[in-house]
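User: I'm new to this structure and would like a close look at one part of it. Could you walk me through the sheet that helix H2 packs on, and then show me how that part fits with the rest?

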Amino acid sequence: MKKIGITCYPTVGGSGIIATELGMLMAELGNEIHFITSSLPFRLNRVYPSIYYHEVELNHYPVFQYPPYDLALANKMAEVIDREKLDILHVHYAMPHAICAILARDIAEHDVKIVTTLHGTDITVLGIDHTFKKMIKHGIEQSDAVTAVSKSLVDQTKDMLGITKDIHVIYNFVNEEEYKKKELTTIKEQYGIEPNEKVIIHISNFRKVKRIFDVIHTFNKIQSQIDTKLLLIGDGPEYAEAFQLVSELGLQDSILFLGKQKNISDLLSISDLKLLMSEKESFGLVLLEAMSCRVPCIGTNVGGIPEVIRHNETGYIVELGETDKAASFAIQLLGNEALLEKFSRNALTHARKNFHSQEIVNQYMDLYNRVISHS
Ligand code: GMT
């Protein structure tokens, strides 16, 4: 049994989901888990006697113009390391979480090993910004072990930061109990979708990098030839402009803006195809969630996306901005029931075979064991 601390952004987002699911799976394997986060991880939805939650509290002293969250986190980490005698502190994101963990390790008296998982944004967004480059590099180099969620992210990290340290690829996974296709006949009807209409889905936080306009333009071309509806799930900075574009194109009746949703697997269960046209994407957890619910995907040749979608087998890969090509692949797939069924089966097989949660959790446990035995 190991005592494992976990720090992540606990709110909605792929990295928070992975960190929380990993904690729950490790608890099921008999480990003791300590989440050290700013709020209760949103996926932590049932009682686990061996999972503890340590809240990072922020006091608003008038002397600080900005409450020092990172320092409060480092302090809480050090407290938990010493009190609980943690073996491993697994942090998600180099910036700021690995930096906080390194500071906590310096403060704490108990010896703890730091494992850092890179999810992308700290490298692909912050790494470009020279302000933080040195700090991110320090976070990675001073960690006892570093993982990244795709090969592409390893290469990018090494190129961008000039790092020679080993970075292990450990892919993301989904909770197979939750992400499976369900027979939900009424949902389609409740949303006013005709039984013969195909359903395309896009899920994101509507940031600029998600290229929501490309999703809408691709859909516009598809719907001119096939009876389809597009479900847009999520919310974020580009939401209002996306809404505006949909009105300008006169697509209000065929695009449903559903905002943030909890039961994503229900919506995936009524979907036939997933679109992800991002310009940056270290993995694309939403793709794996879709494939796990038997939904083929079309994505861009960007970051880790081609490591998740198998072109011409579980979906299609197009170059960034190639909306015509994406639409023509979608029309070819949605217009051919036998092909759609084949891709749908392939998608599930690929998800279960190459990204199974038990396999991924074993890879993390092996890494923890190696890090501990090196001391
Ligand atoms: O995509 C986002 O904006 C959210 C971000 C996060 O912190 O969850 O996603 C990143 O981590 C996910 C989990 O590993 C990956 O599936 C996403 O591809 C990655 N996002 C980017 O690289 C832009």
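Analyst: Here's a walk through that sheet, its helices, and then the other parts of the chain. Keep in mind that this is a predicted model.

Let's start with the sheet itself. It is an open sheet of seven strands, paired in parallel, and the order across it is S3-S2-S1-S4-S5-S6-S7. Which strands stand at the edges? They are S3 and S7, and each has a single partner strand, so one side of each is left without a neighbour in the sheet. At the S7 end, the partner is strand S6 (residues 145-148), and the two pair in the parallel sense over two bridges. If you want to find that pairing on screen, look for threonine 147, whose bridge partner in S7 is histidine 168.

Now for the helices that pack here. H2 packs on the sheet and touches S1, S2, S3 and S4, with its direction making about 170 degrees with that of S1. H15 packs on the sheet as well, touching S4, strand S5 (113-118), S6 and S7, and its direction makes about 145 degrees with that of S5.

H2 is worth a slower look. This helix covers residues 69-84, and at 1.5 Å a residue its 16 residues should span 22 Å; the end C-alpha atoms are 22 Å apart, which agrees. Which residues of H2 are buried? They are Leu73, Ala74, Lys76, Met77, Ala78, Val80 and Ile81. A lysine is on that list, too. As a bit of background, an α-helix has 3.6 residues a turn, so residues three or four places apart point the same way. The cover over the buried residues of H2 includes strand S1 (3-7), strand S2 (32-37), strand S3 (51-55) and strand S4 (88-92), along with helix H3 (94-107). Right after H2 comes lysine 85, with a positive phi near 55 degrees.

Over on H15 (residues 357-373), one residue to click on is isoleucine 372. Is isoleucine 372 buried or partly exposed? With 15 C-beta neighbours inside 10 Å, isoleucine 372 counts as partly exposed. Leaving aside residues up to four places away in sequence, isoleucine 372 touches Asp87 and Lys113. Leucine 230, on the other hand, is 142 residues from isoleucine 372 in sequence and 48 Å from it in space, C-alpha to C-alpha.

Let's zoom out to the domains. The protein is divided into domain 1, made of 3-173 + 356-373, and domain 2, which is 185-354. The C-alpha centres of domain 1 and domain 2 lie 31 Å apart. Where the two meet, the contact takes 14 residues from domain 1 and eleven residues from domain 2. On the domain 1 side, helix H1 (14-28) and helix H6 (151-161) each supply at least two residues. H6 gives the most to that side, with three residues. By class, the domain 1 side that touches domain 2 has four nonpolar, nine polar and one charged residues.

Another spot to find is glutamate 178, in the loop between strand S7 (168-169) and helix H7 (185-190). Glutamate 178 is partly exposed, with 14 other C-beta atoms within 10 Å. Glutamate 289 is 111 residues away from glutamate 178 in sequence, yet the two are 9.4 Å apart in space, C-alpha to C-alpha.

Finally, there's another sheet to meet. This one is an open sheet of six strands with parallel pairing, in the order S10-S9-S8-S11-S12-S13. Strand S10 (255-259) and strand S13 (315-318) stand at its edges, each with a single partner strand, so one side of each is left without a neighbour in the sheet. On average, neighbouring strands here are turned by 20 degrees against each other, direction ignored.

Strand S11 (residues 273-276) is a good place to stop in this sheet. Both faces of S11 are covered: Leu273 and Leu275 are buried on one side, and Lys274 and Leu276 are buried on the other. Strand S8 (residues 198-203) joins S11 in parallel through two bridges, and isoleucine 200 has leucine 273 as its bridge partner. S11 also pairs with S12 in the parallel sense, over three bridges, including one where leucine 276 is partnered by glycine 299. From there, four bridges join S12 (residues 297-300) to S13, again running parallel, with cysteine 297 standing opposite glycine 315.

Conventions: Residues numbered from 1 in each chain as written. Predicted model: local features only at pLDDT ≥ 70, side-chain atom pairs only at ≥ 80, totals over all residues. Pairing = 2+ DSSP bridges. Axes fitted to C-alpha atoms, helices over the stretch in contact; angles between N-to-C directions. Domains from an automatic or database assignment. Contact = placed C-beta atoms within 7 Å. Nonpolar A, V, L, I, M, F, W, Y, C, P; charged D, E, K, R; others polar. Expected span 1.5 Å × (residues − 1). Buried ≥ 20, exposed ≤ 12 C-beta atoms within 10 Å, placed from the backbone.
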